[in-house]
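Subject: Structure handover and notes

Dear colleague,

I am passing on the structure that we spoke about, together with some notes on what turned up in it. Please have the sequence and the model open beside this message as you read.

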Amino acid sequence: WAPRVVPPKDAPNVLLIMLDDAGFGVPSTFGGVIPTPTMDRIAKNGLRYNNIHSTALCSPTRAALITGRNHHSAGFGVISEQSTGFPGYNSIIEKDKATIGRILLDNGYATSWFGKDHNTPAFAASLAGPFDQWPTGLGFEYFYGFVGGDANQWQPNLFRNTTQIYPFEGKPGWNLITGMADDAIEYLNRINQIQPDKPFFVWYVPGATHAPHHPTKEWVEKISAMHLFDDGWEKLRERIFENQKKLGVIPADAVLEPWPEKVLKKWNDCTPEEKKLFIKQVEVFAAYAAYTDWEIGRVVQAIEDMGKLDNTLVIYINGDNGTSAEGGPMGTPNEVAWFNGVNNMSAELQMKWYDVWGTEETYNHMSAAWSWAFDTPFTWFKQNASRLGGIRQNMAVMWPERIKDKGGLREQFMHVIDVVPTILEVSGIAAPEEVDGIKQAPIEGTSFAYTFDAKNAKAPSRHKTQYFEMMGQWALYLSLIH
């Protein structure tokens, strides 16, 4: 037989997880009130990172992450639906910027993508193709998910590779959050049974917590019984802020900015009917986040049950941008209405959907005031590239065989473009000079593998400069520490 490429000896498996539209104050791991036991588990057995950044919008962040290049370099200055055809904005990942999936595939990994694909150009997102910009054309051998910015989790526009599938038909209560966990577990078991020595790379990206917020009834009931939000959004923000101080993920002397009452209504100024509606909106959002984290935990547990967790690098990034304010000040039973200018529906009108909020009868989103609270301790939201509420994420990383500083905190400046060079460094794989005969553009991120060692816990960040730009808003990070 002709020789086959295999990964370097002891190259780790990689489970790379990213949530959608989730700000710094969402997970319990970083002071939030929403229970995220899976992220807690990873942080407890690994490291917490409080200084990693996104691009402020979903497609751009994801293109940057899987290529290791800045979003304009990767063709995603905006989301694919807003692409213009100009360089940096055409929503095409060019052939000189191979994804981490393609690089690892070429080095003997089994590569897969589960969940959201918002990096296929809108003009190619149909069964007519072309499919070179679909996950299977970008180096991922297996794809199970939806193409686009969001999906109805009860009846998604779902694909296996490039074939549309309908696993929900005849199954009332079927939900994609569980469905994709089931499929990922089945896939991992299949690889393990056939070729157990072959390492895997899984890019696991649920639709949560992007609208529509579609958790199961059981999770809504569980969160509702906790009464987490009865005191309103200002109190929620204050509670998260104090929790963050106790955990040490923000400075003990940090001061919370005043509530933006000129932009968002104060809780005590809401009518009883508005309060009832707003609590329902946020409980469904919180249930969606908690439900998703729980299902991610099933995937992690499946890897442990295979006996492979010790040599698996698990990277769990909370959000591809800040929490979304795209529900407007009042929230909405249908986020598409908001995108079409119907953005201030009264509570009285929205109460018609109160009892079915989060079910297949709604495409729901919550009030932007909750979103402001979930970006605590920062301000503003998704889409804002010049405010930390739009670009500051958090992350938990676990690799039992390598990371021994369990429960440690890392505060070095990082960006999502740093993920690819980190994976390449720890796997012992060099960034390719050419792929398919095409010279590759330089990777623009900086590996953060050095932070895995306790001796580097307080080391200066090796990522020295970074720009941020989204739809005309911009900012620049420049480190003065050398």
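A good place to begin is strand S4 (residues 142-147), where six of the six residues are buried, so the strand is largely enclosed by the rest of the structure. Here buried means under 20% relative accessible area, exposed means over 50%, and partly exposed covers what lies in between, with a 1.4 Å probe and protein chains only. Strands (E, at least two residues) and helices (H or I, at least four) are DSSP runs, numbered from the N terminus.

Before going further, please note that this is a predicted model, in which local features need pLDDT of at least 70 and side-chain atom pairs count only at pLDDT 80 or more, while totals for chains, interfaces and linings use all residues. Residues are numbered from 1 along each chain as its sequence is written, and side-chain values use heavy atoms, with hydrogens and water left out.

Strand S4 has neighbours that run in opposite senses relative to it: six bridges join S3 to S4 in a parallel arrangement, whereas three bridges join S4 to strand S5 (residues 158-160), and these two run antiparallel. Two strands are taken to pair if DSSP finds at least two bridges between them. On the S3 side, Lys 116 stands opposite Phe 146 in S4, and on the other side the bridge partner of Gly 145 is Phe 159 in S5.

Lys 116 leads on to the charged pairs. A salt bridge is counted when a side-chain nitrogen of Lys or Arg is within 4 Å of a carboxyl oxygen of Asp or Glu, and a search of the whole structure finds 20 of them. In one, the side chains of Asp 20 and Lys 116 meet at 2.6 Å, N to O. This pair links distant parts of the chain, since Asp 20 is in the loop between strand S1 (13-18) and helix H1 (37-44) while Lys 116 is in strand S3, 96 residues apart. Asp 20 counts as buried at 0% relative accessibility, and Lys 116 counts as buried at 1%.

Other salt bridges lie within a helix. The side chains of Arg 190 and Glu 186 meet at 3.7 Å, N to O, and both residues lie in helix H4 (residues 176-194), four residues apart, about one turn of the helix. Arg 190 is partly exposed, with a relative accessible area of 32%, as is Glu 186, at 48%. Lys 235 and Glu 238 form a salt bridge at 4.0 Å, N to O, and because they are three residues apart in helix H6, they are separated by about one helical turn. Lys 235 is partly exposed at 45%, and Glu 238 is partly exposed at 38%. Returning to the buried pair, salt bridges that share partners join Asp 20, Arg 62, Lys 116 and Asp 320 into one network.

The aromatic residues deserve a look of their own. Rings of Phe, Tyr and Trp (its six-membered ring) pair if their centres lie within 6.5 Å, with planes under 30 degrees apart counted as stacked, over 60 as edge-to-face and the rest as tilted. A search of the whole structure finds 33 aromatic pairs. In one of them, the rings of Trp 113 and Trp 203 have their centres 6.4 Å apart and their planes at 70°, so the pair is edge-to-face. Trp 113 is in strand S3 (residues 110-117) and Trp 203 in strand S7 (residues 200-205), 90 residues apart, and the pair links these distant parts of the chain. Both Trp 113 and Trp 203 are buried. The rings of Trp 233 and Trp 267, with centres 4.9 Å apart and planes at 85°, are also edge-to-face. Trp 233 lies in helix H6 (residues 233-247) and Trp 267 in the loop between H6 and helix H7 (272-305), so the pair ties together parts that are 34 residues apart in sequence. Both Trp 233 and Trp 267 are buried, and they belong to one aromatic cluster that also includes Phe 229, Trp 259, Trp 370 and Phe 374.

Lastly, Val 282 lies in helix H7 and is buried, with a relative accessible area of 0%.

With best wishes
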